[in-house]
Protein chains: 2
Amino acid sequence: MAARPTSKTSESSDKVSVICRALRRAIIEQALEPGAKLPEDSLGERFGVSRTIARHALGQLAAEGLVELRRNRIAVVATPSWQEARDAFDIRIELERLVVRQLAGKLTKAQIAELNSHVDAEDGARGGADAVSIRLATEFHILLAQMTNSPILVRYVSEVAYRCCLTLSLYSRPHSTECAINEHRAIISALAKGDERKVMELMHHHLDSVANRALVAPTPQRGRDLLDILAPYADDVASDRVVKLPKVARRG
Amino acid sequence: MAARPTSKTSESSDKVSVICRALRRAIIEQALEPGAKLPEDSLGERFGVSRTIARHALGQLAAEGLVELRRNRIAVVATPSWQEARDAFDIRIELERLVVRQLAGKLTKAQIAELNSHVDAEDGARGGADAVSIRLATEFHILLAQMTNSPILVRYVSEVAYRCCLTLSLYSRPHSTECAINEHRAIISALAKGDERKVMELMHHHLDSVANRALVAPTPQRGRDLLDILAPYADDVASDRVVKLPKVARRG
DNA sequence: CAAGGTGAAACTGCATGCAATTGGAGCGCT
DNA sequence: AGCGCTCCAATTGCATGCAGTTTCACCTTG
């Protein structure tokens, strides 16, 4: 069970994939906030490709849930509801428990070293920008998933982790990354020991506490803006077209 | 918790989405076998759209893992390895346990009726084509997922279920759908009773037995064709380009 | 007859062009 | 000012065109 052939369907060095990666990163580092507009033209211009390609990339990202695509409208960075955020974390917990269950006691020394050095990097970035810390923390989980050698699992864990990352920028308050790092270390050590139960419990607790720390409250009223609040009520109206709102402060 | 707004990012009535749905269905009903070629031109012609659209659809399906896309080559219906099939089922088990856990004891009478009538339909189709039985069985699981009102969960369960469906056509022997139907009924009844533990156990057992019945053996030799058998050996060669095979019977 | 080379057809990768839709600034009316 | 209307720039939806790559039938050669 040393090494399975790695890639197959995903992410070659297509221009499309390049743009996807760039946007994904920009989104999880919060350079692009939820709701940010992503016009095909501008994207194409910025990346030096035609609209066709930019459009295709947006399609992929929409499939991953990072981007919202509405017919005839400018694509925007996704703005998951609080409930969706919670759902994403629930799914993530199950998937990552599966990851560590498969990994417990099966890691090579080299892999453990790789994990440790990643956490060291997380540690080193503690003083820097929040965005980088978040990205590194996310990448730790993806790194774990990759060690299962299961492309499907990698894909799902990555996707759901990115989504969670996205929600952090919406609902999170300034957080201390410190304990998360310690939890990462604890997980590595339990993995090395091969204690399956323990590591699953650790991962569960880790993600659950991240979720609880991040997703502060059901936010009954302080949703992002009017549109979000009214969205459910719009179901009765013909399409998803809201009635027509008086001018109101919108974020850029 | 009556009804959350349904769609958002996914599957409007784009031409692209239409094609995706059509192909997805064709694939899971095995009208398109794994390995079948999907040239953009032909697709476009058949669905009365341009290559651009067909291409975009293929991109989406590739993101779902139903189609394999290799640069400059004709897209083909995915041919998952046995290991990937097993991985898919493992993930599916976790996801669907999550589904029924969320659903236990929370279904309305109408929903239970809907589930029952679906299983009746499965029952009715027992005499007919295998393809239809398989599709209906898969749709039962997707129906369950939809009742969670969690779009993310719906998406992942659907995707992974389709993938599993695909693997069935590769590695399955003629199977009896009968017991699967009974298991579906048992799940409904446990859901209605609200017995969370029981229903999770039932679902686990159900999927596990489907997987074990389907994924017969590591299939050391009887892979689909020469190319598959040789694929691992091709890793040493420069790219993924196999050495050059003597002419040999290929399907198609 | 098998192995290898060759050219045309098939196909993909990508850009561009055109029609249709949207959104928002500006204007007039109250 | 507030509200509604109109019209134009911005933007998307989609088809088509061209260049580069792959595939495959056919032909040549040993």
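1. The surface near DNA strand D holds four nonpolar, four polar and 12 charged residues. Here Ala, Val, Leu, Ile, Met, Phe, Trp, Tyr, Cys and Pro count as nonpolar, Asp, Glu, Lys and Arg as charged, and the others, Gly among them, as polar. A residue is near a strand if one of its heavy atoms lies within 4 Å of it. The model is predicted: local features need pLDDT of at least 70 and side-chain atom pairs count only at pLDDT 80 or more, while totals for chains, interfaces and linings use all residues. Side-chain values use heavy atoms, without hydrogens and water, residues are numbered from 1 along each chain as its sequence is written, and chains are lettered from A and ligands numbered from 1 in the order in which they are written.

2. Which residues come closest to DNA strand D? They are A:Arg51, A:Arg55, B:Ser50, B:Thr52 and B:Arg73, out of 20 that surround the strand. Sugar or phosphate accounts for 70% of the atoms of DNA strand D within 4 Å of the protein. Bases supply the rest.

3. Three polar contacts to DNA strand D deserve a look. For a polar contact, two N or O atoms lie within 3.5 Å; within protein, one must be able to donate a hydrogen and the other to accept it, and residues adjacent in sequence count only if both atoms are side-chain atoms. A:Arg51 reaches a base oxygen with a polar side-chain atom, at 2.7 Å. A:Arg55 puts a polar side-chain atom 2.3 Å from a phosphate oxygen. A:Glu40 uses a polar backbone atom, 3.1 Å from a phosphate oxygen. Helix 2 (40-47) and helix 3 of chain A, with helix 3 of chain B, each give two or more residues to the surface near this strand. Helix 3 of chain B has the largest share, three residues. Helices (H or I, at least four residues) and strands (E, at least two) are DSSP runs, numbered from the N terminus.

4. Now DNA strand C. It has 19 residues around it, and A:Ser50, A:Thr52, A:Arg73, B:Arg51 and B:Arg55 come nearest. Of its atoms within 4 Å of the protein, 70% are sugar or phosphate. The surface near DNA strand C has four nonpolar, four polar and 11 charged residues. Helix 3 (51-64) of chain A gives the most, three residues.

5. Contacts to DNA strand C come from both chains. The side chain of A:Arg73 has an N or O atom 2.7 Å from a phosphate oxygen. The side chain of A:Asn72 has one 3.4 Å from a sugar or linking oxygen. B:Asn72 uses a polar backbone atom, 3.1 Å from a phosphate oxygen.

6. How many residues of chain B contact chain A? The count is 39, against 39 residues of chain A; contact means heavy atoms within 4.5 Å. About 3,600 Å² is buried between the chains, 51% of it from carbon and sulfur atoms. Buried area is the accessible area (1.4 Å probe) that two parts lose on being put together, summed over both.

7. Six salt bridges link chain B and chain A. Each is a side-chain nitrogen of Lys or Arg within 4 Å of a carboxyl oxygen of Asp or Glu. One of them joins A:Glu159 and B:Arg155 at 2.5 Å, N to O. There are also 12 residue pairs in polar contact, both residues at pLDDT 80 or more. On the side of chain B that touches chain A, helix 3, strand 2 (67-68), helix 4 (82-103) and helix 7 (151-171) of chain B each supply at least two residues. Helix 4 of chain B has the largest share, 11 residues.
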